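Welcome, and thanks for taking a look at this one with me. Here are a few notes to read alongside the view below.

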Amino acid sequence: MKVLDHFKDNDSTLTLNVVWALGEIASPSTSGSLVPLLSSPDESLRLQTVWALSKFKGADIAAKIAEVMEKDSSEKVRAAAKLALEWQKRIE
């Protein structure tokens, strides 16, 4: 979790791998650390965060992903958010 607190200072590959791992674990206690990364200027980090959050359950996470789907500046990230929401519906 400390890696995410300093993601601006870290190697981007390290941060992306931490985000991926947190998505695989999908512990409710970690979603709060991931959500702020949806505002990162780094498109690849936003993409990875969308996919990590797609593995979490809950209306609050779905709402955050839906917001990304509607407002993100990147077409890739918006498309990933749409697919992530569809994925969430399948795993419920």
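1. A residue counts as buried when its relative accessible area is under 20%, as exposed when over 50%, and as partly exposed in between (1.4 Å probe, protein chains only). By that rule, 34% of the 92 residues of the protein chain are buried.

2. Please keep in mind that this is a predicted model, in which local features need pLDDT of at least 70, side-chain atom pairs count only at pLDDT 80 or more, and totals for chains, interfaces and linings use all residues. Residues are numbered from 1 along each chain as its sequence is written, and side-chain values use heavy atoms, with hydrogens and water left out.

3. The protein chain has six helices and zero strands; these are DSSP runs numbered from the N terminus (helices: H or I, at least four residues; strands: E, at least two).

4. Helix H4 (residues 43-53) is a good place to start: Leu45, Arg46, Thr49, Val50, Ala52 and Leu53 are buried there. Down the axis of H4, these buried residues fall within an arc of 165 degrees (taken from the directions from the helix axis to the C-beta atoms), so they line one face of the helix. Their cover includes helices H2 (12-25), H3 (31-34), H5 (59-71) and H6 (75-91).

5. Now the largest nonpolar core, meaning buried Ala, Val, Leu, Ile, Met, Phe, Trp, Tyr and Cys residues joined through side-chain atoms within 4.5 Å. Of its 19 residues, Val19, Leu34, Val50, Leu53, Ile65 and Val68 touch the most other members. H6 gives the most to this core, with five residues.

6. Leaving aside residues up to four places away in sequence, Leu53 has contacts (heavy atoms within 4.5 Å) with Ser31, Leu34, Val35, Leu38, Ile61, Ile65 and Gln88.
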